[in-house]
Amino acid sequence: MLLAWTTTPWTLPSNLGLCVHPSYTYIKIHDATRNSNFILQEDLLHTIYSAKELKATPPPFKVVSKYKGEDLKGWKYVPLFNYFAEKYQHKAFKVVLDGYVTNDSGTGIVHQAPAFGEDDHRIAIVNGLITKEEMPPCPVDEIGRFTKEVSDFEGQYIKASLSILHVRLNF
């Protein structure tokens with residue numbers, strides 16, 4: 001599982017890609033407590049583990065493999081929400097590269113919603129997730145409510161939906 005980062009969780013229903021830095025090192029870990037594998041930038045383990053957990057012997061995870069960001073390019077993933085899966089399945093939901101991704105916070109994997117950010121939009125066009133002429137998915141109306149495309153949350157104010165999204169996404 002790729003652990004992606006966003007400061008705008010209400011944009012997750014319109015996710016089309018995940019962006020990594022081409023030259024950073026990413027690790028795949030096996031989390032013994034959750035019995036799951038996760039991929040994130042190697043310097044950002046502190047994002048998901050406390051200082052105490054990181055110092056534990058043995059730690060609650062084992063590094064299974066390492067990758068350079070460029071090695072992740074093109075990896076496909078199943079979108080968290082399927083609202084736009086059918087329309088974009090042949091060109092989106094893949095890992096893309098860009099130098100704007102940092103390793104000072106988050107997970108080093110950035111969620112891309114092209115209607116909601118300049119970098120997201122630029123990266124989506126460069127990587128063919130959308131075309132320059134195409135309007136990316138924007139399921140939020142002019143007063144900040146989810147539209148019918150996001151049927152589970154239709155009519156809900158985006159910030160009121162954050163707690164619902166958090167519960168649904170919490171691992």
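For the pocket lining below, Ala, Val, Leu, Ile, Met, Phe, Trp, Tyr, Cys and Pro count as nonpolar, Asp, Glu, Lys and Arg as charged, and the others, Gly among them, as polar. The views all come from a predicted model.

**View 1. A look into the second largest pocket, about 290 Å³ in volume.** Its lining is made up of 16 residues, and those closest to the centre are Trp-5, Thr-6, Thr-7, Tyr-100 and Val-110. Sort the lining by class and you get nine polar residues, six nonpolar and one charged.

**View 2. Asp-120, a buried side chain with no salt bridge.** You'll find Asp-120 in helix H4, which covers residues 118-126. Which side chain of opposite charge is nearest to Asp-120? That would be Arg-122, but it sits 8.0 Å away. A salt bridge needs a side-chain nitrogen within 4 Å of a carboxyl oxygen, so at 8.0 Å this pair doesn't qualify. Leaving out residues up to four places away in sequence, Asp-120 touches Tyr-100, His-111, Gln-112, Ala-113 and Pro-114. Tyr-100 turns up in View 1 too, among the residues closest to the pocket centre.

**View 3. Arg-122 and Asp-98, joined by a salt bridge at 2.9 Å, N to O.** This one ties together distant parts of the chain: Arg-122 belongs to helix H4, while Asp-98 lies in the loop between strand E5 (94-97) and strand E6 (109-112), 24 residues apart. Asp-98 counts as buried because its relative accessible area is 17%, under the 20% cut-off. Arg-122, at 34%, is partly exposed. Asp-119 joins in as well, so to speak: Asp-98, Asp-119 and Arg-122 are linked in a network of salt bridges.

**View 4. Lys-66 and Glu-42, a salt bridge with its closest N and O atoms 3.4 Å apart.** Here, too, distant parts of the chain are linked, with Lys-66 in strand E4 (residues 61-68) and Glu-42 in the loop between strand E3 (36-41) and helix H1 (51-55), 24 residues apart. Is Lys-66 buried or exposed? Lys-66 is exposed, since its relative accessibility is 53%. Glu-42 is partly exposed, at 28%.

**View 5. Asp-141 meets Arg-145 in a salt bridge of 3.0 Å, N to O.** Asp-141 has a relative accessible area of 19%, so it still counts as buried. Its partner Arg-145 comes in at 34%, which makes Arg-145 partly exposed. For the overall tally, a search of the whole structure turns up six salt bridges.

How values were computed
Residues are numbered from 1 along each chain as its sequence is written. This is a predicted model: local features need pLDDT of at least 70, side-chain atom pairs count only at pLDDT 80 or more; totals for chains, interfaces and linings use all residues. Side-chain values use heavy atoms; hydrogens and water are left out. On a 1 Å grid over the protein atoms alone, a cavity is a set of points where a 1.4 Å probe fits but cannot get out, and a pocket is an open set with protein on both sides within 12 Å along at least five of seven lines; lining residues have an atom within 4 Å of a point. Grid points are joined across faces, edges and corners, and a volume is the space filled by probe spheres set on the points. Helices (H or I, at least four residues) and strands (E, at least two) are DSSP runs, numbered from the N terminus. Buried means under 20% relative accessible area, exposed over 50%, partly exposed in between (1.4 Å probe, protein chains only). Lys and Arg count as positive and Asp and Glu as negative; His and the chain ends are not counted. Contact means heavy atoms within 4.5 Å.
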